Amino acid sequence: MAALFTTPKRNDKTSGAHFAEPDVRRRTPLAHGSWRRVTRRIVAGAVCALTVSSLLMPSVSLAAEWVKVGGNKYNTAASDEAGTWSWDGADDLKLNNYNGGEIQAAGKLNVNYSGTNIVTAEWIESINVSHGTNENAELNIQGDEGGTLSVTSTEDAILSTGNINIDGAGSVNATSTGFDAINAGGDLAIKGSGNVNATGASDGIRANGNITIDDSGAVTARATKDKGIGADKSLTIKGGGTVEASSEKDAAVEAKGSLAATNASLNVNGVEYGVYAHKGITLDHANVTVRASKGRYGGANALFTYQDDIVVKNGSTVDAFAEGEVSAAFSTRNDRPNEKGGHIYISDSVVKAIARYVENGDGPIPYRHYDPIRGH
């Protein structure tokens, strides 16, 4: 496939909104109609009064409805005698050299850690925030420089049925021996200058929504069965840091939306797919190394998308390598009429792309059409 050495220009489509006018009802007799109009004015005035009064009332901040630390549940502010943990009865849970069992909460919870902290659980998530009665789940983790939070479980190590935000200058180490290391039911954001290490028997890092890594530190995601990093929506990597992702049996990175890496380093190693982004790949001033080994049916794709284009620009450096019976370093397709995709654009960048198949160690075999029915 020939690459076009131009940067594409795209026109964004704007969608307008249509507002339907309500039907005008026929007039009723004057006395009855006058009564209805007066009643509406009175009701409207009451609603306005309630609205103004509610604005004058102090706002109520919803928080965690309860927390559970080491198997003990608390509904009001609590702490331990050693000072390794304390909860203010609202949003904030502080850890300082904590070494104990699972941490659970309903609603919003901010976990602030300092020192060396260890959370260990079996047959239950180590840190888990679920939806409460009055507030959706939200888990925020932030650590000081030099601080560490190490979380291990046979279930998900870190789980929220809502969003997860990891920030600060500390290090978060999440390990699951049975499921996902970090699992967000909503969006997942990793920010700051700290390091995040996630190792999962299933996924390393995953989210039902978008994943944003805006971090000047290092993020490492490893998986045994599934994806190193998996996003049900889009994956954005920026901030000057380094992201490493790998899987022993699946794609290293999969985004069901798009993938964009800007001013960052991405190093991935997967099976069948290195990077699989359903709706386009954009590498902008990025340093990217991708490796893909053959999958179950012999295929390997280092960079793959099928509903948009692959764009490499602004001084990016890309090293893409795929090895399989049917392999491609760069692969994009458009097999649906009137839909975008199927192009590779490279400008002001250095790209090394290799796809090969080595059989019995005798050296490369030239590419030939592979017939899955005949097996050759």
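**Reading a predicted β-rich model**

Me: Glu-272 lies in the loop between β27 (265–271) and β28 (273–277). What phi does Glu-272 have?
Reply: The model is predicted. In it, the phi of Glu-272 is positive, about 70°, although Glu-272 is not a glycine. Most residues other than glycine have a negative phi.

Me: Why is Glu-272 called partly exposed?
Reply: Its relative accessible area is 29%. Buried means under 20%, and exposed means over 50%. The value for Glu-272 falls in between, so this residue is partly exposed.

Me: Which phi and which exposure class does His-285 have?
Reply: The phi of His-285 is also positive, about 50°, and His-285 is not a glycine. This residue sits in the loop between β29 (281–284) and β30 (287–293). Its relative accessible area is 46%. That is not over 50%, the cut-off for exposed, so His-285 is partly exposed.

Me: Why is the pair of Tyr-273 and Tyr-276 called tilted?
Reply: A search of the whole structure finds six aromatic pairs. In the pair of Tyr-273 and Tyr-276, the ring centres are 4.5 Å apart and the planes make an angle of 35°. Centres within 6.5 Å make a pair. Stacked needs under 30 degrees and edge-to-face needs over 60. The angle of 35° meets neither, so the pair is tilted. Both tyrosines, Tyr-273 and Tyr-276, are buried.

Me: Which residues form one aromatic cluster with Tyr-273 and Tyr-276?
Reply: Phe-304 and Tyr-306 join Tyr-273 and Tyr-276 in one cluster.

Me: How do you know that the charged end of Lys-73 sits over the ring of Trp-66?
Reply: The charged end of Lys-73 is 4.5 Å from the centre of the Trp-66 ring. The distance cut-off is within 6 Å, and the charge must also be within 35 degrees of the ring normal. Lys-73 is counted as sitting over the ring of Trp-66.

Me: What makes β7 and β10 paired strands?
Reply: Pairing takes at least two bridges. Strand β7 (residues 103–106) and strand β10 (residues 127–130) have four bridges, in the parallel sense. They therefore count as paired. Ile-103 is opposite Ile-127 of β10.

Me: How many bridges join β10 to β13?
Reply: Three, and β10 runs parallel to β13 (residues 158–160). At least two are needed, so this is a pair. Asn-128 has Leu-159 of β13 as its bridge partner.

Me: How many bridges join β12 to β15?
Reply: Six bridges link β12 (residues 148–153) and β15 (residues 171–176), again in parallel. Thr-152 is partnered by Thr-175 in β15.

Me: Why are β6 and β36 said to stand at the edges?
Reply: An open sheet of eleven strands runs in the order β6-β9-β12-β15-β18-β21-β24-β27-β30-β33-β36, with parallel pairing. Strands β6 (99–100) and β36 (350–356) each have a single partner strand, so one side of each lacks a neighbour in the sheet.

Me: Which residues touch the most other members of the largest nonpolar core?
Reply: Leu-109, Ile-182, Ile-205 and Ile-229 do, in a core of 75 residues. Leaving out residues up to four places away in sequence, the contacts of Leu-109 include Trp-87, Ile-103, Val-129 and Leu-139.

Me: What are the overall figures for the protein?
Reply: The protein has 36 strands and one helix. Of its 376 residues, 42% count as buried. Among contacts with a separation of 6 or more, 53% link residues 24 or more positions apart.

Technical notes: Residues numbered from 1 in each chain as written. Predicted model: local features only at pLDDT ≥ 70, side-chain atom pairs only at ≥ 80, totals over all residues. Heavy atoms only, no water. Buried < 20%, exposed > 50% of the residue type's maximum accessible area, 1.4 Å probe, protein only. Core = buried A, V, L, I, M, F, W, Y, C linked by side-chain atoms within 4.5 Å. Contact = heavy atoms within 4.5 Å.
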